[in-house]
Every structure is written in structure tokens, then in C-alpha cells.
Amino acid sequence: MKQPPIRQPLIVGLGRSGAGLHLRALRTALDRSPDAWRGPVVAVDPRPGERAPVPDGVTVTPSLAEARALVPPERAVVHVCTPPAARLAVLTGLCEAGYRDLIVEKPLVAGAGELAAVAELRARHGLRLAVVAHWPASALAGRLRELIGPDGSTDPGGLGRLLRVDVTQHKPRFTRSLRTDDGHPTAFDVELPHSLGLVLSLAGPAETTRARLTDLRIGETVRPGLGSALLELRHANGVRSRLFSDLTAPARERRALFAFERGTAVAHFAPSDADDHVQLVVDGEREVFRDDALTAFLRRAYARFADVPAEDPSWAEDFALHADVVRLLDAAKRRCAETVPGARREEAPRVAAP
């Protein structure tokens, strides 16, 4: 049987995500598995170096047409690292150029209005589309699944039934949020796609019960909707989730508390790419271990592109999960837009200008 070619990365967008996170994880994956992919890495960016330094060893082209001559579609895995507001146009262009295997940064798109268009692209072109979801794919999430059980009918962790999930996902993000062309419309689009994908994968489908959004204010400067975001959910199995992200917080924190009938588990995800250690505290007993989730996610994605055909139902299941993330975030944003000022859309504490 003819072996599929070793794939070559094509990164679209050399900002923080593409030049920093994806390229670092790709290189780590290659160090651990020399057959993970074949280089050189090619990138498409009309303004290279504007958002992040151009890394060594990356061939940068200003257009997709030029990149296609270097990395043909049958050999490429495309990393779509552009902001969500421009996602649909980028995906459409990639499909027209013949690319079919895509790793897309979260969230899949910025709103439910674009979701149907992406679903149509996926069906018409037979896309194999993997949305970056390294929290649900992490070893830490795997440990949490062992505590929760597959369907809630068993009690593998001895803690009883899961009752509540409380996620805190804070990071100071002033510089990027103050840019007028950052591409992330609200605080719902920045950090919450990580934690929302996590709770949906662990606790099952859900509906929005409450949403709140605040503005970023520094002196007289205001960026609407980029202060903090709160999302509360009711899952079909009765579990309640509360997700809160503050982009004006003084320090980073990525913590998820799982309250069971007879105890608690607290998962501390890596606060940044500077350290890949995570922590799990179960009823007061703490464990620390390494969990480079993004590298593991990319290695798995490349293996799936090599082995799993587009018609395999797992691709549709993955897409459905991330479509639910987009729908719930979109519903939350609409709730905040439709309520009167001061009800669910509030002012964040003002930060004094220097």
C-alpha cells in the first residue's frame, strides 16, 4: 500500500499565535518524533514582523499563490492563525486554492452567522478541520475524565457525581486589546474558547443561562467589550458551569474547580507558554506534572491527517463540538448586546492612565 507523504506545515498568519505558539510546538514535536512533519516551514503574511519577529528557518511569502508553489495542497497541513474576525475569508481562499487539511486557531469563527458558511465549506470541499483545542486534549483533562467517568453513571474517582465547574481564566492583555485591528471583538473571543471547549467535552452539551461583559477603560480610553466576560451554563445532565475571564487582571490564572458530591478537584493549567507544568489538587492532595498540551495536540492532528479519512465520523464530531462553542459564545454576546446598559453589560473598574 502506498504510504501517505510526510506532511509539511504552512502557517497563515505570523502573529503571536503563528510565530510563537504553533511554530514552537511544531519544532518540539519534530524533536520528539523526527517523522512528525517535513520542512521547511512556509508562512503566508503580507506584513511579516509587524506583530511578532519572523522566526529563523521560516520561508515567508506575501500571498497564498506564492506559498502554493512551495507547499502544494496534497502535502500541506495549513495552520490558520489569523484573528477570528477574518477567519471566513481566509478559509474560503484556502479552499479555492485546493487546501483540505486545516488546523484552525480557536474560536473557529467569530459568530454564528459565519458558522453556517464554514459548515458549507467543510461539506462541499471534504475538509479535514481540526480546531486548536489543547485544553480538552491535554493530559490534565484526561485525568479529570478519569475522575468524572464517561457518562456519569460510574464513580471511577470515588468523588461521586459531578455537580459544578467553576473556571477562572485571567490574564492582563492591555496592549493587544488597545489595538483597533486586533481581530478579537470581545473578551468572549480571547480566553473563553479554551475553557468552554473543556467544559463541553467533560460535562456535555449545555445552554447559556447568564452572560456579562465589561469594557476595558484606561483613563479616557475605552475598548467596548474587552474588559471581562462571564458565562454561566446549564448542562443537559444537570451540571452547572461558570466561566469567568478578566483581561484587566493584574496576574495570569488558569484554574478550573470541579465540585463533586463527595469532594473537589482543582486543575491548574499552564498560565503561559513559558512553562509546561500543570497541577491537579484532588481533595487537598497536589500533583505536579509536565503537560505540553499544544505540542501533543499538533502531533495527534498530524497523525490523524495521515491516517484518518475525511469521511470518518470523528471529524464531524470534532466540528460539532467547536460549532457549539461558537453558538454559545454568540448567544452570550447577543444577550449582552440586547440588555440595557448596567444589567449584564457593565463597566469594569477604571484603570488610571500613567
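Trainee: Is arginine 128 buried or exposed?
Mentor: Keep in mind that this is a predicted model. The cut-off for buried is under 20% relative accessible area. Arginine 128 comes in at 13% relative accessibility, so the label is buried.

Trainee: Which residue forms a salt bridge with arginine 128, the closest N and O atoms being 2.9 Å apart?
Mentor: Start with where the pair sits: arginine 128 is in strand β6 (residues 128-131) and the partner is in strand β5 (residues 101-104), so the bridge ties together parts 27 residues apart in sequence. That partner is buried too, with a relative accessible area of 7%. The residue with its closest O atom 2.9 Å from an N atom of arginine 128 is aspartate 101.

Trainee: Which residues are linked with Asp101 in a network of salt bridges?
Mentor: One link you've already got, since Arg128 bridges to Asp101. The network has one more member, so the names to add to Asp101 are Arg128 and Arg7.

Trainee: Moving to helix α9, how many residues apart are aspartate 330 and arginine 334?
Mentor: These two form a salt bridge, with closest N and O atoms 3.0 Å apart. Aspartate 330 is buried at 14%, while arginine 334 is partly exposed at 43%. Both are in helix α9 with about one helical turn between them, and the spacing is four residues.

Trainee: What is the N to O distance in the salt bridge of aspartate 324 and arginine 327?
Mentor: This pair also lies in helix α9 (residues 313-338), three residues apart. Aspartate 324 is partly exposed at 29%, and arginine 327 is partly exposed at 44%. Their side chains meet with an N to O distance of 2.7 Å.

Conventions:
Residues are numbered from 1 along each chain as its sequence is written. This is a predicted model: local features need pLDDT of at least 70, side-chain atom pairs count only at pLDDT 80 or more; totals for chains, interfaces and linings use all residues. Side-chain values use heavy atoms; hydrogens and water are left out. A salt bridge is a side-chain nitrogen of Lys or Arg within 4 Å of a carboxyl oxygen of Asp or Glu. Helices (H or I, at least four residues) and strands (E, at least two) are DSSP runs, numbered from the N terminus. Buried means under 20% relative accessible area, exposed over 50%, partly exposed in between (1.4 Å probe, protein chains only).
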